[in-house]
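Colleague: I'd like a close look at a single part of this model, please. Pick one helix and walk me through its packing, its charged side chains and whatever they lead to.

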Amino acid sequence: MSATVDGDKSGLVPDWVRRALRGPRPETVPAMVGTACTFVGLIDIAAGVFPRFRHSRMHSLVEVLPGATGPFAAALSLGAGVLLLLLAHGIKRHKRRAWRAAVILLPAGAAAQFAYRHSVIGALISLTLLALLLRHRGEFAALPDPRSRWRALANFVLMSAGSLGLGLVIVSAHPSEVVGSPSLTDRLEHVIYGLFGFEGPIDYADRVSWTVGYSLGALGLLTAVTTIYLAFRPEHPAARLTEDDERRLRDLLSVHGGRDSLGHFALRRDKGVVFSPSGKAAVCYRVVSGVMLASGDPIGDVEAWPGAIERFMDEAKAHSWTPAVMGCSETGGEVWTRETGLDALELGDEAVVDVADFSLTGRTMRNVRQMVKRIERNGYETRVRRARDLSEAELEHIRRAAAAWRGTDTERGFSMALGRIGDPADGDAVIATAHKADRDAPDSAYGDLKAIIHFVPWGTDGMSLELMRRDRSADPGMNELLIVAALQAAPALKVERVSLNFAMFRSALARGEKIGAGPVLRIWRGLLVFLSRWFQIESLYKFNAKFRPRWEPRFVVFRSTRDLPRIGFAAMQAEGFVNIALPRLLAGRPARRARPCAHLARHTDQREVRAA
């Protein structure tokens, strides 16, 4: 029967027998070995830290696993555990360097098992896992992630903090062997001395002081070795647009730029790009926390999109990155899901105003009309011009004001932000400004300039909102004033459509407030309204709705639902709403304070939106 298992058609052989005889699927090996490394690493750390665990029944059952060397050297067990934990994530992500390190560590562990403990079973398990890694070595071909030597400093900070915490546990794990009653300060001093290989102020009975000393020394050595390795290894900087990449993208946008309102944002210079084999399409992306994050639709000819998407997926596979797309259109979502097998989920809606249909007349526009008239009566005037029509002095004045009015330490935006104003290559961009002569402060730093709105081109007949900034002392309603001014000036600029902000979960908010909405939809809307106390969800929807736009759905494309939390966190990092910064003194610049937000709005002044 075993000879005909693979070709069995009768159903006599159970599925679990077939799977057992065939062995593990190649794609599951990294996850399986990585999980084993995590489990064994935690066991080793416990064996090195807690003396009772080294003599417990649990440890007697697991001590034959690779690396579980606690019975003969607590320090070696602790060091092996930390190394295995560091390797586990890389193995799960198919990283080649993690595979190489594991291939070196496992035979060393097997030799230790046999030489020090005479454990044949432990050595065999180590060699079995080694054979599994060697057999499936083709699965571990992922290239390194983008990195810089700043990661060495981050590693030093994190490893030092972890070593201090774990060291305090180590020095406190032997209460019956401690001489006297050392204070917390004494324990911390003992840990710091021990990390550098010196004796601390705490004394232990018997040979416990040797165990504690070697364990602390092992933690200090690991911190030093990993930091030195990261500091002196070759750099692999993150992908950036080259001048040739930008030129090719602009050529594609000049022909196909009218297809997607987010197209011009592909020209952010902190993005990488992959082109289709024909060069007629491209996908721009950024890698954040192991997520390869694209935004909007591919650039270029729709017929060439599959080639660019295939290159994107190949790049993600080569580095074992999680592929994801934020804010693509319905057409883009259909192509992405068809070509890659990924899934798509509606994320929200983009507000698009058709210039020909816009008017301030009518009851529905009464609030906006009254606000604009009130501000104009207060002495404000507006100017709407192409960036190429402004002098360099005016552009520099606007740049400095926008930076000063930003409100955060970091520039926000990724999928719907360009990250620059007045670049010579962006001469078709539109800048709307509000001005008022301030008699009380005639010598203010920015003169009569009170608010700025920046639009980027959307093909030849459209423009897409990029940022909104205002002086905090200006009257409320600056954004409404400038958007109305830009829409009224659009015909003279030969602009027929204007893309405003992106409203997350807009359809749920709109349907949930209508008569006849079901209980589930009402509960969902109620939750979104509740979350809007901290996140800009409902306020942005209502702000966009003032201008009576048409709504275009936008989607997130992902591989698996379990990837969504990771993708969401990476997107918030890319947009600048979450920032993992080094401590202020180590970073050499002010610490960046993250302000949470739950949308992908285009640099909207949140306080202005809430006031409106």
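Modeller: Happy to; here is a walk along one helix, then its charged partners, then a strand.

This is a predicted model, in which local features need pLDDT of at least 70 and side-chain atom pairs count only at pLDDT 80 or more, while totals for chains, interfaces and linings use all residues. Residues are numbered from 1 along each chain as its sequence is written, and side-chain values use heavy atoms, with hydrogens and water left out.

The helix is α10, residues 243-256; helices (H or I, at least four residues) and strands (E, at least two) are DSSP runs numbered from the N terminus. With 14 residues at 1.5 Å each, α10 should span 20 Å, and its end C-alpha atoms are indeed 20 Å apart; the expected span is 1.5 Å times one less than the number of residues. Its buried residues are Asp 245, Glu 246, Leu 249, Leu 252 and Leu 253. Viewed down the helix axis, these fall within an arc of 125°, so they line one face of α10; the arc is that of the directions from the axis to the C-beta atoms. Here buried means under 20% relative accessible area, exposed over 50%, and partly exposed in between, with a 1.4 Å probe and protein chains only. On the other side of α10, Glu 243, Ser 254 and Val 255 are exposed. The buried residues pack against β1, β2 (281-288) and β4 (299-300), where contact means heavy atoms within 4.5 Å.

Now the charges. Side chains of opposite charge can pair when their charged atoms come close. The whole structure holds 23 salt bridges, each a side-chain nitrogen of Lys or Arg within 4 Å of a carboxyl oxygen of Asp or Glu. One of them sits within α10: Glu 246 pairs with Arg 250, with the closest N and O atoms 3.0 Å apart. The two are four residues apart, about one turn of the helix. An α-helix has 3.6 residues a turn, so residues three or four places apart point the same way. Glu 246 is buried at 10% relative accessible area, whereas Arg 250 is partly exposed at 21%.

Further along the chain, Asp 423 bridges to Arg 269 with closest N and O atoms 2.9 Å apart. Asp 423 lies in the loop between α14 (392-404) and β8 (430-435) and Arg 269 in the loop between α10 and β1 (272-275), so this pair ties together parts that are 154 residues apart in sequence. Asp 423 is buried at 17%, and Arg 269 is partly exposed at 33%. For another example, Asp 563 and Arg 559 form a salt bridge at 3.6 Å. Salt bridges that share partners join Glu 246, Arg 250, Arg 269, Arg 420, Asp 423 and Asp 426 into one network.

The Asp 423 loop leads on to β8. Six of the six residues of β8 are buried, so the strand is largely enclosed by the rest of the structure. Val 430, Ala 432 and Ala 434 point one way, and Ile 431, Thr 433 and His 435 the other. Strand β7 (residues 381-386) pairs with β8 in the antiparallel sense over six bridges; two strands pair if DSSP finds at least two bridges between them. There, Arg 383 has Thr 433 as its bridge partner. Strand β9 (residues 449-458) also runs antiparallel to β8, joined by six bridges, with Ala 434 opposite Ala 451.
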